[in-house]
Amino acid sequence: MYKWYALKRILRGVVMYVILMFVFSALFNTVSETTQRSQIEEQVRLEANRLKNLKSDQIEAFRKQRKEQLIKQYRFDRPVGERILLRAVNSVTFNFGKSTIMKAANGSQQVLAIIGEALPRTILLFTTAILIETVIGIVLGLIQARKPGGILDRSTSLITMIVYGMPAWWLGMMLIMVFVYGVKAFPSGGIMSAPPPDGFMRVFDVLWHMTLPVCTLILLGFWGLAFLIRNIVLGILQEDFIMSARARGVPENKILFGHTMRTAAPPLVTIGFLSLLASISGAILFEGIFSWPGLGNLYWIAVQQNDVPVLLGNLAITTGVYLSGLVILDLVYGFLDPRIKVGGKA
Amino acid sequence: MSFKDALAPLKEFWGEFRRSSSGLIGLGILGVSVLLVIFEPLIVPFPEVGKRWKDINYWEDNSSSAPPAWTNFFLKQKKTVSSRIENPRVSVEEGDGIIMDRIEFPYRWNYDLPPHDLIFKAVGTGTFQFAVSVERPDGETIELFQRVEQELTGQDVRVSFNTDVRNATFEYLRSKESTEAITELDSESVRPTEIIFSEAGQGMAKAQRPLKGEYKFIISTMRMGEESKIERPRLLVVGAVSGILGTDTGKRDIFSGLVSGLKWALLIGLMTSAISVLIGVMYGIVAAYYGGVVDTVMTFIFELFVSMPVLPILIVASAVFKPSIWFTIGALILFSWVGSVKTVRSMALQIKEETYIEAAKALGASNQRIIWRHMAPLLIPYSFASMALSVPGAIVYESSISLLGLGDATIVTWGQILFDANRGGAILNGVWWWIVPPGLLIAIMGMTFAFLGFAMDKILHPKLRTR
């Protein structure tokens, strides 16, 4: 039953997320407590400054009492284990607290608001890039597989290996240097011009800002995809049913697109999805080079300003996105490849 | 198993590997890199680069953001290349207890644009007087500078022409130039090196014509007795172009930094991949061999690690713990061992069912013996390809962390050079020699190991070769 398979997979994803949040909160407990304690100090100091018509010993008493109250509120008087548990629960319920410095566009200091603003932009950038990448990759991979060992196949494989270890952010720097400061064709960064144009032009403005980052991702991405697709297709082409189709005289194009592609669909979907997730796990930093205000850029700013709550919240959200990506991947895979859910074990 | 038996499959492997030209190129680049690492102190112009990369004093005599020397090739007006003259001609005269040295630095100048600065440096002890002058190719001699040093105990004596000889060169200019031209100028607006390296005569203040030829910079000292001395004299020409790959805004020689970063890149890449792949292989074998509860638990732990986005976690951990390079390598291993588990586990599941394993069990072989003697030797060769293929990832991860400024501050890595470049506005100012080479090296390292890995992969999976 697909329903049960899906339910089981989703549940397992949730369990994983909870465990990971617990691990993170244990790992980063000390540092986030230091930040919180200094936040409490700050808050008490501000409140005490507001009390003008009190004597100094009264202010001192107020400070002490207020601090104790806050410490109790944040449960700093409780044992470490309990605090770690509490923080994990907070992370799971997306209650990340307030940032120390950074602000969302509307001035809110809630970490969730800051991240909520950035997340859609990251998704927009990466899904666009991956979609284009996958299309180019499939076409190129099929062409390669048609004549393995040919000039095209060999040169493409060579380029795949050449760009294998090239960091996306470095290519981004190169492209910016050439196309932004050399040939002044694209904006240097950001998601919109300031002030942003109205109406339909706004879409074009965003597209214009997107071009260079998306090109960077595509330029690096599709080679590897094509290579993988080539290998999958070549593997399938050696199967017996292809041989029998050939023996029956089925045209080569039909074998490639009808028989092979159909069999290759599940791994192809997996690869496309996995490369999307790999970007989240690896290439996300390159947003900072383009000042694309997504999750990756948030890491840059949070690291520069040493804003620990944002950093930890960002990590939780990124992990959540990554994990849900993996779950969706399994769901799609189970849908495309019925063999998987028969055993009931992924 | 004798030594010869162990060698046979290796020979066979080499026979096949030899046929892959990209694999050989990869092997070649790897060999060159290893040689570079071994001979680093002989190759780099600044041998202490690894220890003193962040020490501004070490780099103070270089020019700031100078392009590589070979860019002169594309220029009509050749700029002066940075150089150092370290073997002057020294002659000593003695009389009446006064010792007089004459230290002569010959310098052949054949460019069109003067250097930014000239720096005389030496180590001084005791009390002495010294004077600096230059003999030009046209026969003129300019007295540039005089100073008395007292009771030095091995400090650096440093004369920077740009700051210290301005008055003398301006006087020289005044003696050659027309009065009208001089009134518009003062000693602050004229660069000493421009005067020293241009033809004398009217109009030299405005339009300088380069005076090419043999220059002699002469340092004459006067000292009382042997206990006062001036040692290791050297003249540094601070050119407008410098070295193989130029300098950055912090006056650091980029080539030296890159060569010094090579060993770290190799160490990070090889250590991370070797250890993590071995862990992954053993993990897969153990999970497959024992099966049952062990397999379930181990698979769950494996999946937990797979569900973590590596780079974000590394960034947060580095930001929080301010790590050393060893911490980074450890963290990379912690997250990258999962790479080979899945494949190895499925392969090990097949091997486990082979009859010879059953026979070994029937003969009473222990589990450990079966794993180490019968399963691991079959699967570890497979891991070499994935080892090579996971090297670039480790290098890129480390550079990404360094790019954020979270790298180990005691060493030089390519990522850190790029971090400095990014922060120093290299993109904006078009300082390409600061950005292109480090990233290119990361990419070349990646390519090298991709060549090696894919070549090995092809041998191990011959199915992919043709239809």
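Me: Leaving aside neighbours within four places in sequence, what is Glu40(B) in contact with?
Reply: In this predicted model, Glu40(B) is in contact with Val49(B), Val259(B), Ser260(B) and Lys263(B), once its neighbours within four places in sequence are left aside.

Me: Is Glu40(B) buried or exposed?
Reply: Glu40(B) counts as buried, because its relative accessibility is 8% and the cut-off for buried is under 20%.

Me: Which helix is Glu40(B) in?
Reply: Glu40(B) belongs to helix α3 of chain B, which covers residues 40–43.

Me: Switching to α16(B). How many of its residues are buried?
Reply: Seven of the ten residues in α16(B), which spans residues 414–423, are buried, so the helix is mostly covered.

Me: Which ones?
Reply: The buried set in α16(B) is Trp414(B), Gly415(B), Gln416(B), Ile417(B), Leu418(B), Asp420(B) and Ala421(B).

Me: And what do they pack against?
Reply: Elements from both chains. The buried residues of α16(B) pack against α7 (168–182) of chain A, and also against α9 (254–290), α15 (367–403) and α17 (432–460) of chain B.

Me: What follows α16(B)?
Reply: Gly425(B) follows α16(B), and its phi is positive, near 70°.

Me: Now strands. How are β2(B) and β3(B) joined?
Reply: Strand β2 (residues 89–95) and strand β3 (residues 98–109) of chain B run antiparallel and are joined by seven bridges. In one of those pairings, Ser91(B) has Arg102(B) in β3(B) as its bridge partner.

Me: What is in the turn?
Reply: The two strands, β2(B) and β3(B), form a hairpin with two residues between them. Asp96(B) sits in that turn, with a positive phi of about 55°.

Me: Zooming out, how many helices and strands does chain B have?
Reply: Chain B has 17 helices and seven strands.

Me: And chain A?
Reply: Chain A has 14 helices and zero strands.

Me: What about the radius of gyration of chain B against a compact globule?
Reply: Chain B has 32 Å, whereas a compact globule of 467 residues would be near 23 Å. Along the principal axes, the C-alpha atoms of chain B fill a box of roughly 105 × 50 × 45 Å.

Me: What does chain A have on that count?
Reply: The radius of gyration of chain A is 26 Å, where a compact globule of 346 residues would have one near 20 Å. The box for the C-alpha atoms of chain A is roughly 100 × 55 × 40 Å, again along the principal axes.

Me: What share of the residues is buried in each chain?
Reply: In chain B, 51% of the 467 residues are buried. In chain A, buried residues make up 47% of the 346.

Me: And which part of the exposed area comes from carbon and sulfur atoms?
Reply: For chain B, carbon and sulfur atoms supply 59% of about 22,000 Å². For chain A, 66% of an accessible surface of about 17,400 Å² belongs to carbon and sulfur atoms.

Me: How many charges are there, and how far apart are the centres?
Reply: Chain B has 45 positive and 47 negative charges, with mean positions 11 Å apart. Chain A has 34 positive and 21 negative side chains, and the centres of those two sets lie 4 Å apart.

Me: Last one. What share of the contacts joins residues at least 24 apart?
Reply: In chain A, 71% of the contacts between residues at least 6 apart in sequence join residues at least 24 apart. In chain B, residues 24 or more positions apart account for 76% of the contacts with a separation of 6 or more.

Notes. Residues numbered from 1 in each chain as written. Chains lettered and ligands numbered in written order. Predicted model: local features only at pLDDT ≥ 70, side-chain atom pairs only at ≥ 80, totals over all residues. Heavy atoms only, no water. Helix = DSSP H or I, 4+ residues; strand = E, 2+ residues; numbered from the N terminus. Rg over C-alpha atoms; globule rule 2.2 N^0.38 Å. Buried < 20%, exposed > 50% of the residue type's maximum accessible area, 1.4 Å probe, protein only. Contact = heavy atoms within 4.5 Å. Areas by Shrake-Rupley, 256 points an atom, 1.4 Å probe, with all protein chains shown as cover. Lys, Arg positive; Asp, Glu negative; His and termini not counted. Charge placed at Lys NZ, Arg CZ, Asp CG, Glu CD. Pairing = 2+ DSSP bridges.
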